[in-house]
Amino acid sequence: MDEPHNPKDFPQGRHKGHQERIIKSLVRRRNWWSGVKNFIFGLIIVLILNLLPFNQVEAIPPTTYLIQQGKELFQASRFTEAVTIWQQALNEEKAQGNQLTQAMLLNHLSLAYQQLGQLQQAEAAISSSLKLIQSSRNSNNHVSRKLIFAQALNTQGSLQLAQGKTEQALHTWQQATGAYTEAGSISGKIGANLNQAQAQQALGMYLQARKTLKELEQTLLNQPDQELKITGLRSLGNVLRLVGDLNDSRRVLQQITTIQSTNTTFKQHLSLTFLSLGNTARAQGDTEAALAYYQQAIVTSSRGIKQLQAEINKLSLLIETKQQAEAEILSKQILSKLTDLPTSRVAVYAAINFSQSLMKLGNMNQKSSAQILAQAIQQAKNLGDQRAESYALGYLGGLYEKNQQWSQAQDLTQQALQLAQAINASDIVYQWQWQLGRILRARGAVEQATGAYKVAFTTLKSLRSDLVAINPDIQFSFRESVEPLYREYVETLLSEGNSGEIEPSQENLRQARVVIESLQLAELDNFFRSACLQGQIVPVEQIEQSQAAVIYPIILKDKLEVIVSLQGRLLHHYSVKVTQSQVEETLEELRLSLEKPYTAPEGKSLAQTVYTWLISPIDTELLQKQIKTLVFVLDGGLRNVPMAALYDGKQYLVEKYSIALTPGLELLGPKPLNRGKLKTLVAGLTEARHGFSSLPNVNDEVEAIKSEIPSEVLLNQTFTSSALRKEVDTLPFSVVHLATHGQFSSNADKTFILAWDRPVKVNELRELLRGREEIQPEPIELLVLSACETAEGDKRAALGLAGIAVRSGARSTLASLWSIDDASGARLISRFYRELAQKNITKAEALRQAQLELLKDPDYRHPIHWAPYVLLGNWL
């Protein structure tokens, strides 16, 4: 694992203390959340606490011995003991009046307190350190003072990130960079810049983050100090993985293996490089390469914790890829080595992590898992590590839950929860609140279970930025570690029998709706690896929707639940008994049939099945209320299917209603289109570029738009990413229309729009389209993406479409789920703009009329031509 960097990570002369890095990777498990908080907030901070010779800060020999002893304890992960020793040294330094040494010790104490999750003590220590540094301005040792000041700022930045103060952390690390520069510390400056890049990513400043990292790579490559180059490049590779630049991460890390293979002096670092390469390949989904890299890490490391670290990573991947026989052999090897580890935080976390892998291997390993966790609990107590103790207790409770030993499971879970709450470790708290909800529900205590789920959900919402802002492993494990909480909570709220009622109460329905929308937001946070999506909170009841209904389906394991809001009145609820696998299979078959021009009967049958699930139970009510527009907040695989193509046996849904999608009304700015200022920027490609085919019909599409609305056109060579940005920034366009190849994927790194010069990824698109906000406060009213498609074989690809819709900053987005390059596209777009410009109708109705024109034409009646176009966001 990787986290905010302490500049002492980098060598001054010889690099020491690599053991701390091992702690980081031991927690890199998909299903083990201890690594998450540590990674994001720097609660495991790699220290080489020998940056300053102690005579530079006038430390007397006895204190020097204590400081060194504390360093050794810290490096052995014995943080509580390190605190005791450093506190003793601090007391002696106070008696001697050595302010700079006191400041240095307080900085060390703050780092140790962060490791222990004691953030209040950490804050008090670093505040005192900075005050002492300020008061020692007249010290004769200016170099030491500047260096200690830079270190303290770096520590303060890590603490601020741990507290969720990302903007403050970025500002502090910028100050630290300047302070290290003044002190002449190259290694310190590198570490502070790495931290800045992580904070920039967390704040959604993607281009700045990548610029910072690009400049840093060049700085490292030019370093004459080979050890600094290797260590820095490895950290850079890890951070690139962290911010989602997986290809660059792998490239940078592979450079290190080249350097190390030609210089035997630094081969001791080779194992860590292979481990990082394995983690990156795993994040890329390249399982074969990841396993090979992990094996190389094992072979190139000496026996002990480094080798164990690589083996544990390899084991979890073998289990994940269902290589059972090899996993069982490796698990026995790891088990024999665990017993030889000395008691330390490393050993405790390794034991907890390994126990989780053992449980996944099968019930035969449950006894061994329980014994390992029991030993880990005792070791954590001996170390005074309450975080580790909470994890071990909670996972042991989970083991009893799995065996349906409810009483013991509940007792252990409550103990784990109390420990986590005592140290304000919210990232752990929500897990045990959630686990407690499951246990209570299994014991039939539905109301208590609902209460437990509620507090877990509230805790998780407060942790948005903590959980997804930086860590790529969240992307990796979101569906296991976060998403199920939302679904289980909704299921509990909608279960029959709450408070003795047959149907869920209106209060429960309202809360379930909130949870569904929160899941949508969490998925987008996870998609972007950033929690900077901030929307206008717009309750359904306050939206101008006299003729609109908002439909919230959510897919659960054994049923499909649907909540409907009609004209802001009482919420409606119905449930369909159908398994998740049946829903997903039906939706996948429907999507395939819609894209094939000769599957009308089969497609209609499947479309009618989905119609029966979602619409039939409320059909009569929709007619009685004279509903004109259906707004869907879609879940899972439903996003891949155009709702317009649902079929009632006689008509498609689009023949009866205007249709729109939204990721959630919290992100919606409910404002009608200002037709008086309608002006369009059209950019498109007709020629083949970057391996993508030509789009000859784009010419007709562009001419059709120009005939309906005043337009500025960028075509082929003139449609570069920089030209697009210049036009958006300088001219007041209300509509931006991009007629070019594009791909929507569940991976933000693979979601892009193609310009002449290069693909523009979704995160860059945000900065490109939103650059004008400083000059023109009004957002783009409508973004049209007319030749895009969802990534083949990606069941969650439509998440990329929602991502672009939200990230662009446009009020509404019209896009295609699959690309159709024929005359039908130009015809539909032309009619859409004609309706939009000439009639006082909503954007959703304008799209409907354009789709109906094609549907009524025998040549284009099949949904392949008109169904892929979907409207996201504001439908007014």
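Which helices and which strand each supply at least two residues of the lining of the largest pocket? Keep that question in mind as you open this predicted model, and let's walk through it.

**The whole chain**

Start with everything shown as a cartoon. The chain has 36 helices and 13 strands. Now colour by burial: of the 876 residues, 64% count as buried. If you display contacts with a separation of 6 or more, residues 24 or more positions apart account for 72% of them.

**Stop 1: the largest pocket**

Here is the reply to the opening question. Select helix H21 (426-442), helix H24 (472-481), helix H25 (483-494), helix H27 (580-594) and strand E11 (782-790), each of which supplies at least two residues of the lining. H27 gives the largest share, with 6 residues. To find the middle of this pocket, pick Arg479, Gln580, Glu584, Gly637 and Lys795, which lie nearest its centre among the 39 lining residues. The volume of the pocket is about 1,100 Å³. Colour the lining by residue class and you should find 20 charged residues, 12 nonpolar and 7 polar.

**Stop 2: aromatic rings**

Next, show the side chains of Phe, Tyr and Trp. The count comes to 14 aromatic pairs. Zoom in on tyrosine 453 and tyrosine 489, a stacked pair with 6.2 Å from centre to centre and 10° between the planes. Tyrosine 453 belongs to helix H22 (residues 446-462) and tyrosine 489 to helix H25, so this pair ties together parts that are 36 residues apart in sequence. Are these two rings buried or exposed? Tyrosine 453 has a relative accessibility of 1% and counts as buried, and tyrosine 489 is buried too, with a relative accessible area of 1%. Add Phe457 and Tyr486 to your selection: together with Tyr453 and Tyr489 they form one aromatic cluster.

Now move to another pair, phenylalanine 692 and phenylalanine 752. Their ring centres are 5.8 Å apart and their planes meet at 65°, so the pair is edge-to-face. It links distant parts of the chain, 60 residues apart: phenylalanine 692 is in the loop between strand E6 (680-684) and helix H30 (698-708), while phenylalanine 752 is in strand E9 (residues 752-754). Phenylalanine 692 counts as partly exposed, at 27% relative accessibility, whereas phenylalanine 752, at 12%, counts as buried.

**Stop 3: charges over rings**

Select arginine 689 and tryptophan 756. The charged end of the arginine sits over the tryptophan ring, 3.8 Å from its centre. Then look at arginine 438, whose charged end sits over the ring of tryptophan 434, 5.3 Å from the ring centre.

**Stop 4: helix H33 and the largest cavity**

Select residues 798-807, which make up helix H33. How many of its residues are buried? The count is 10 of 10, including Ala798, Leu801, Ile804 and Arg807. Just beyond, H33 is followed by glycine 809, which has a positive phi, near 85°.

Stay with H33 and turn on the cavities. There are 10 of 30 Å³ or more, and the largest has a volume of about 150 Å³. H33 supplies the largest share of the lining of that cavity, 4 residues; helix H26 (506-528) and strand E13 (869-873) each supply at least two. Of the 17 lining residues, Arg639, Leu661, Ala798, Ala802 and Leu872 lie nearest the centre of the cavity. Finish by colouring this lining by class: 13 residues are nonpolar, 2 polar and 2 charged.

Methods. Residues are numbered from 1 along each chain as its sequence is written. This is a predicted model: local features need pLDDT of at least 70, side-chain atom pairs count only at pLDDT 80 or more; totals for chains, interfaces and linings use all residues. Side-chain values use heavy atoms; hydrogens and water are left out. On a 1 Å grid over the protein atoms alone, a cavity is a set of points where a 1.4 Å probe fits but cannot get out, and a pocket is an open set with protein on both sides within 12 Å along at least five of seven lines; lining residues have an atom within 4 Å of a point. Grid points are joined across faces, edges and corners, and a volume is the space filled by probe spheres set on the points. Ala, Val, Leu, Ile, Met, Phe, Trp, Tyr, Cys and Pro count as nonpolar, Asp, Glu, Lys and Arg as charged, and the others, Gly among them, as polar. Rings of Phe, Tyr and Trp (its six-membered ring) pair if their centres lie within 6.5 Å; planes under 30 degrees apart count as stacked, over 60 as edge-to-face and the rest as tilted. Buried means under 20% relative accessible area, exposed over 50%, partly exposed in between (1.4 Å probe, protein chains only). A charge sits over a ring if NZ of Lys or CZ of Arg is within 6 Å of the ring centre and within 35 degrees of the ring normal. Contact means heavy atoms within 4.5 Å.
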